[in-house]
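This briefing covers a protein chain and its ligand. Please look at the sequence and the model before reading the points.

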Amino acid sequence: MSVAGVLLMALFARAAAQSPPAAAATPPRAVVLPPGNVEHGRYIAERVAMCVECHSGRDREGNIIDAERYQGASIPFIPPAWSQAWATRVPRNKGLAGYTDAMALRLLTEGSIGRDGTPLKPPMPRFRMTTQDAADVIAFMRSGS
Ligand code: HEC
């Protein structure tokens, strides 16, 4: 077997030996969020991560309805054939109801882990933001604007 093959096998063996991700139902430990910048959070949510595109209701022409921004919606596209678990609806996310600071930070920095400690279904992207970007998005999502 080639050196690369042996290395690969060693890597797989190592991955297999590691315990499964400690997602579980235990809520994450309390954190102190850095102060969030609402405007930078809005920029990320609306210009970069595009939260608004999935989480908002649309009219018949496909335009986002102002009063339904971040209020939840049906999913705007069908699942690809390879997807096992595709969400059936996009929930309201304005306010981040039910998410403590620690849960909200975990959601945005550790690959979109939901309230119950398990990853949210696609097409919710797997976000791995910096702590500061996450704090900004959290500040925006919780703001009245
Ligand atoms: C491509 C579409 C898409 C984008 C973009 C998206 N989401 Fe989601 N989001 C979803 C879907 C679908 C779900 C539901 C997942 C499930 O049912 O497991 C979801 C779930 C959530 C939830 C869980 C709500 C709950 O009740 O637990 C939160 C919070 C959330 N999204 C926040 C965000 C934020 C913040 C952004 C932007 C930084 C974002 N989402 C971008 C599709 C998207």
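The points below describe the chain first and the ligand site second.

The model is predicted. The protein chain has 145 residues, of which 34% are buried, and the ligand sits in the largest pocket. Polar contacts to oxygen atoms of the ligand come from Tyr-99, Arg-115 and Lys-121, among others not excluded here.

**Chain architecture**
- The protein chain contains five helices and two strands.
- Along the sequence, these elements run in the pattern α-α-α-β-β-α-α.
- Among the contacts in the protein chain with a separation of 6 or more, 48% are between residues 24 or more positions apart.

**Shell around the ligand**
- The ligand is surrounded by 22 residues, and Cys-51, Cys-54, His-55, Tyr-99 and Met-124 come nearest.
- By class, the shell holds 17 nonpolar, two polar and three charged residues.
- Two elements, α3 (51-55) and β2 (89-90), each supply at least two residues of this shell.
- The element that gives the most is α3, with three residues.

**Polar contacts with the ligand**
- Tyr-99, one of the residues that come nearest to the ligand, places a polar side-chain atom 2.6 Å from a ligand oxygen atom.
- Arg-115 also uses its side chain: a polar atom there lies 3.0 Å from an oxygen atom of the ligand.
- For Lys-121, the atom involved is a backbone N or O, at 2.8 Å from an oxygen atom of the ligand.

Technical notes
Residues numbered from 1 in each chain as written. Predicted model: local features only at pLDDT ≥ 70, side-chain atom pairs only at ≥ 80, totals over all residues. Heavy atoms only, no water. Near = heavy atom within 4 Å. Polar contact = N/O pair within 3.5 Å; in protein donor to acceptor, adjacent residues only side chain to side chain. 1 Å grid on protein atoms, 1.4 Å probe; cavity = no way out; pocket = protein on both sides within 12 Å on 5 of 7 lines; lining within 4 Å. Sits in = over half its atoms within 2 Å of the grid points. Helix = DSSP H or I, 4+ residues; strand = E, 2+ residues; numbered from the N terminus. Nonpolar A, V, L, I, M, F, W, Y, C, P; charged D, E, K, R; others polar. Buried < 20%, exposed > 50% of the residue type's maximum accessible area, 1.4 Å probe, protein only. Contact = heavy atoms within 4.5 Å.
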